[in-house]
Amino acid sequence: MKPSARRLSWLLAWLVCAGAGGGWLAMNRLAELRADFDTDARIAHRVLSQRMVQHDAVVATLALLQPANGRGEPERLSALYPQIIEVLQRPAEGAWPPSAAAALEAAEAVSRREKRAALASEDLSTGRYWLVLASYPLSHALRFDLHAAVPWSEWPMDPATSPVRAVLHHAGQSFVVQPGRFSPGALPSWRWVAAKTLASASQPLELVLERPVDWRELPLAAMAGWALAAALLLAGLRMLWQQRVARQRAEELLRLGQVARLNTLGELAAGMAHELNQPLTALLANTQAARRLLDEQPPEIATARDAMSQAASQARRAADVVGRLRRLVERPELTAQAQPVALSAAVQEALHLLEPELQRRGIGMDVEGEPDLPAVRAEPVALQQIIHNLLMNAVQAMEEVPSARRRLHLRWQRQGGQAVLSVRDEGQGISPEARTRVFEPFFTTRSGGLGLGLSLSHSLAEAMGGSLSLAPADSSGAEFRLLLPLA
């Protein structure tokens, strides 16, 4: 996975954790606010219903007592019930005051028909209405003021600061009991409404309570604290993960280094044996020729002949020792050790090991592979060493190239019954003279190099039944192609 993709995944993980925790805190807070709102709505409905029932009881008591003169009733009733602002009586043969006659007569007819008090709304928006009870010999009408009818001592909310808006509705008219502190920051999607008719048949006013939610009512400090805690937790986990990955990378590089050193030693020993075997063979041939020549000399040279025989014997012994050394250090056949290996996985593992080096040098990557490519038949460690050598050669080839041009291209695909892995750099390329010798042992164009990496990789590829070649120079840089048989 690319570093940018990993950073994005960690950022997404933090966003998920912070969002989940912050959402949980916000939903808990909203649940608390909703529970408080529902409780306040039930209490408000209960206390207003009780007051309306009390109004029914007062007008029923007046009808039962049937006072002969009602002129003093307002003063006595207002002293007991501040919400009663006017009391009217109509004898059987009398009439209601002209100012409210129509409404009172209609309400009296309803009261007489339904055998209960009836509401005669004057102007509910001002908070005043009539309650009429038809009886004999006197019918009674009481005028109530809703401003004074609300039992503020029992009211569950502070009307000056509460965000809840409480309104009484009846017959298309409304009376605002509590305006509610509407904030411009209220969240429009979070608005709760509770509506219920008061428990009075004579005064069926509908109480509607509306509660908007301000975003500042959310536990912002707790949500920010959770986001910070999630960030710290993920940062700690990421640090531990990076330490673990770095440790695994170091162990894997150490293992590859050990294998590379062993293989390099074998390549070096094989090269030395090859180089020493020729002069030793020539020494042996010359010594034998000298002995034959000495045999034609006078008999006094027997001692010289014996010395030359001993020299020839030692030369043979040296040749045998060198031969045994070469057989000892030669690599075993890797074909028998081959097994199915996913080429894409081997490439990704090598890129993972070299990721810090690629980032340090500012080398970009273009990785493209056939998605359904079957596994190749290879020895895993040898394959990994070949890919590692090719990548390191490509990285070192771009040391003299400006950082903006440093780019590594990897591509793997099927080619007949084989899979081909292409590794191309954007370096300065390989000269025509050097192209014919890149796979020779000890040949190198880099200062301080041993010249054994490509030679070793070439030998390992052939030992697994594959091949390693240098592609024709048709662009900048160099391209090496590794062919391996499909499993």
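**View A. The buried residues of helix 10.** In this predicted model, helix 10 spans residues 453-463. Helix 10 is mostly covered, with 8 of its 11 residues buried. Four of the buried residues are Leu454, Ser455, Leu456 and Ser457. The others are Ser459, Leu460, Ala461 and Ala463. Gly465 follows the helix. The phi of Gly465 is positive, near 85°.

**View B. An open sheet of 5 strands.** The strands come in the order 10-12-13-15-14. Their pairing is mixed. Strand 10 (364-369) and strand 14 (467-470) are the edge strands. Each of these two pairs on one side only. From one strand to the next, the twist averages 15°. What holds such neighbours together? Strands of a sheet pair through backbone hydrogen bonds, and the pairing can be parallel or antiparallel.

**View C. The hairpin of strands 12 and 13.** Strand 12 covers residues 407-415. Strand 12 pairs with strand 13 in the antiparallel sense, over 7 bridges. One residue to find here is Arg414, whose bridge partner in strand 13 is Ala419. The hairpin has 2 residues between its strands. Gly416 sits in the turn. Gly416 has a positive phi of about 70°.

**View D. Strand 13 and its pairing with strand 15.** Is strand 13 mostly covered or mostly exposed? Strand 13 runs over residues 418-424 and is mostly covered. Of its 7 residues, 5 are buried. Strand 15 (residues 479-485) pairs with strand 13 in the antiparallel sense. There are 7 bridges between strand 13 and strand 15. Look for Ser422: its bridge partner in strand 15 is Arg481.

**View E. Strand 14 meets strand 15.** These strands run antiparallel. How many bridges join strand 14 to strand 15? The count is 4. Ser469 has a bridge partner in strand 15, namely Arg481. Arg481 is also the bridge partner of Ser422. Strand 14 is an edge strand of the sheet.

**View F. An aromatic pair between helix 1 and helix 5.** The structure holds 5 aromatic pairs. One of them joins Trp10 and Trp241. The two rings are 6.3 Å apart, centre to centre. Their planes make an angle of 65°. Why is the pair called edge-to-face? The angle is 65°, and planes over 60 degrees apart count as edge-to-face. Trp10 lies in helix 1, and Trp241 lies in helix 5 (residues 220-295). The pair links distant parts of the chain, 231 residues apart. Trp241 has 34% relative accessibility, so Trp241 counts as partly exposed.

**View G. A nonpolar surface patch made by four leucines.** The patch is made by Leu8, Leu11, Leu12 and Leu15. Its area is about 360 Å². Leu15 is placed in helix 1, which spans residues 3-65. Is Leu15 buried or partly exposed? Leu15 counts as partly exposed because its relative accessibility is 43%.

**View H. Leu62 and His140.** Leu62, like Leu15, has its place in helix 1. Leu62 has a relative accessible area of 5%, so Leu62 is buried. The cut-off for buried is under 20%. In sequence, Leu62 and His140 are 78 residues apart. In space, the two are 7.3 Å apart, C-alpha to C-alpha.

Notes. Residues are numbered from 1 along each chain as its sequence is written. This is a predicted model: local features need pLDDT of at least 70, side-chain atom pairs count only at pLDDT 80 or more; totals for chains, interfaces and linings use all residues. Side-chain values use heavy atoms; hydrogens and water are left out. Patches are made of residues with over 30% relative accessible area and no salt bridge: like charges are joined within 9 Å, nonpolar side chains (Val, Leu, Ile, Met, Phe, Trp, Tyr) within 5 Å. Accessible areas come from the Shrake-Rupley method with a 1.4 Å probe; for residues, only the protein chains shown count as cover. A salt bridge is a side-chain nitrogen of Lys or Arg within 4 Å of a carboxyl oxygen of Asp or Glu. Buried means under 20% relative accessible area, exposed over 50%, partly exposed in between (1.4 Å probe, protein chains only). Two strands pair if DSSP finds at least two bridges between them. Rings of Phe, Tyr and Trp (its six-membered ring) pair if their centres lie within 6.5 Å; planes under 30 degrees apart count as stacked, over 60 as edge-to-face and the rest as tilted. Axes are lines fitted to C-alpha atoms, for helices over the stretch in contact, and angles run from 0 to 180 degrees between N-to-C directions.
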